[in-house]
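Visitor: I'd like to learn how to read packing in a protein model. Can you walk me through it, one feature at a time?

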Amino acid sequence: MFTFQFSNRYLLTIVGSFCLLVSGAMAQAPQDKKDLNISAKDKQIVLQELKQSMSKKYVFPEVADQVNTMLDQRYRNGEYDKFTSAREFAKTLTTHLQQQTKDKHLNVFFEAKEIPTTEANGEPSPEEKNRMDAEERQFMQAVNYGVERVERLGGNIGYFDLRGFGPTEIVGHAISAAMTLLNASDALIIDLRKNGGGSPQTVALIASYFTEPEVHLNDIYNRAENKTTQIWSTPYTAGPRYDKNKQVYILTSQRTFSAAEDLSYTLQSLKRSITVGEVTGGGAHPVDGQRLHPHFVASIPFGRSINPITKTNWEEVGVKPDILSSANDALGIAHRKALEHLLAKEKHPGKKADIQRTLDKLTKEIQNGTK
């Protein structure tokens, strides 16, 4: 899950955190590897701002207190004295934060280029806002809006390889186009094995193709505002909804994270999908961007997801597949299961023979290790 107010989305985009969320999934934009020396005074400022942000925003206040105590202790013990590299200091802080909390969404990022301040209301200036919008659109276009591959597999099984959940207003048309192409398939495989997350609104958009209109999908509790926001499937979709009688498989790996886990968990909870692969990364907390220093920004998990069916989420434990397998084997298994299901219910002799031939060929490929 990855959600934010506009100003925080702006801060996180500045340091490329969206790229980090989908690292190894979408093609990454070039990242700045420059470093700066950091003074003792600047380290103290970063730590102080980080502790204040944790106290004010972190989803679990008692955990925030534990983190701040840990940071104070490490500072008093001189553990941060040796760091002169700003980049290494940020990486070390992230390691310490995640060791304490087990929260993979809690990060500190370094940026060599100075991070602009926001205006009094927390929003970027109009000029910065326009620049950030343009950069985000350019990045999403460069990775084809997260749509890596749309394919018709043997036996008329649809295949949708999605590498990230970009902002709905940017990627919505690409998602709708893909779903329209896949609508005629007899079963569908959605590949999230290399998907690191993104926007919960785009999760809702995709989930809407597999549910009735206005189905309760998720809740997000905001600790600082003490408010719960409900997320529902959309009243309509740009293309036809996927036939509820057709099977949907979702492929997962250990790298499946955040919003990708949200879609997996949501459709699994609704009994609308069959998950195949590995237990996922375990990140269910939406994040907030907080500027700590002209060259440091933190992603602070400010809330938690609450599934309306299970009343919990996948934080730390991950999404547990219905069919556990290695990530490499997941596609072949899902394809075979889909074909077996179609074969069992098909009445037309010609179609049944086609499915059987496809299944035999796939089974042979799996046995020979070529699939």
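Guide: Let's start with helix 8, which is mostly covered, with eight of its nine residues buried. Keep in mind that this is a predicted model.

Visitor: Okay, which residues of helix 8 are the buried ones?

Guide: They are P200, T202, V203, A204, L205, I206, A207 and S208.

Visitor: And what covers the buried residues of helix 8?

Guide: The cover includes two helices, helix 7 and helix 9, along with strand 3 (157-162), strand 5 (216-222) and strand 6 (227-232).

Visitor: Let's take helix 7, then. How should I read a pair of packed helices?

Guide: The general idea is that two packed helices are described by the angle between their axes and the distance between the axes. Here, helix 7 (residues 168-182) packs on helix 8 (residues 200-208) at an angle of about 25°, and their axes are 10 Å apart.

Visitor: How does that angle translate into words?

Guide: Angles under 35 degrees count as roughly parallel, so helix 7 and helix 8 are roughly parallel to each other. The crossing of the two helices is right-handed.

Visitor: Which residues of helix 7 and helix 8 meet?

Guide: From helix 7 you have T168, V171, G172 and I175, and they meet Q201, T202, L205 and I206 in helix 8. Sorted by class, this contact has four nonpolar and four polar residues, and no charged ones.

Visitor: Can we zoom in on one of those residues?

Guide: Sure, try L205 in helix 8. L205 has a relative accessibility of 13%, so it counts as buried. Leaving out residues up to four places away in sequence, L205 touches T168, G172 and I175. The C-alpha atoms of L205 and T168 are separated by 7.7 Å, although the two residues are 37 apart along the chain.

Visitor: Is there another helix pair to compare? At what angle do helix 3 and helix 4 pack?

Guide: Helix 3 (residues 40-57) and helix 4 (residues 61-76) pack at about 165°, with axes 9 Å apart. The cut-off here is over 145 degrees, so helix 3 and helix 4 come out as roughly antiparallel. Helix 3 passes helix 4 in a left-handed crossing. On the helix 3 side the contact is made by Q44, L47, L50, K51, M54 and S55, and on the helix 4 side by A64, V67, N68, L71, D72 and Y75. That contact has seven nonpolar, three polar and two charged residues.

Visitor: Now the rings. How many aromatic pairs does the structure hold?

Guide: Seven. One of them, Y265 with W314, is tilted, at 5.3 Å centre to centre and 45° between the planes. Y265 sits in helix 9 (residues 259-269) and W314 in the loop between strand 11 (303-306) and strand 12 (323-324), so this pair ties together parts 49 residues apart in sequence. Y265 counts as buried at 9% relative accessibility, and W314 counts as buried at 1%. There's also an aromatic cluster, formed by Y80, F83, F89, F110 and F296.

Visitor: Last one: what about backbone angles? Which residue has a positive phi of about 65°?

Guide: That's K102, which is not a glycine. K102 is in the loop between helix 5 (86-101) and strand 1 (107-110), and it is partly exposed, with a relative accessible area of 46%. E316 also has a positive phi, near 70°, and is likewise a residue other than glycine. You'll find E316 in the loop between strand 11 and strand 12; at 52% relative accessibility, E316 counts as exposed.

Notes:
Residues are numbered from 1 along each chain as its sequence is written. This is a predicted model: local features need pLDDT of at least 70, side-chain atom pairs count only at pLDDT 80 or more; totals for chains, interfaces and linings use all residues. Side-chain values use heavy atoms; hydrogens and water are left out. Axes are lines fitted to C-alpha atoms, for helices over the stretch in contact, and angles run from 0 to 180 degrees between N-to-C directions. Helices (H or I, at least four residues) and strands (E, at least two) are DSSP runs, numbered from the N terminus. Angles under 35 degrees count as roughly parallel, over 145 as roughly antiparallel, 65 to 115 as roughly perpendicular and the rest as oblique. A crossing is left-handed if the near helix is turned anticlockwise from the far one by less than a right angle, and right-handed if clockwise. Contact means heavy atoms within 4.5 Å. Ala, Val, Leu, Ile, Met, Phe, Trp, Tyr, Cys and Pro count as nonpolar, Asp, Glu, Lys and Arg as charged, and the others, Gly among them, as polar. Rings of Phe, Tyr and Trp (its six-membered ring) pair if their centres lie within 6.5 Å; planes under 30 degrees apart count as stacked, over 60 as edge-to-face and the rest as tilted. Buried means under 20% relative accessible area, exposed over 50%, partly exposed in between (1.4 Å probe, protein chains only).
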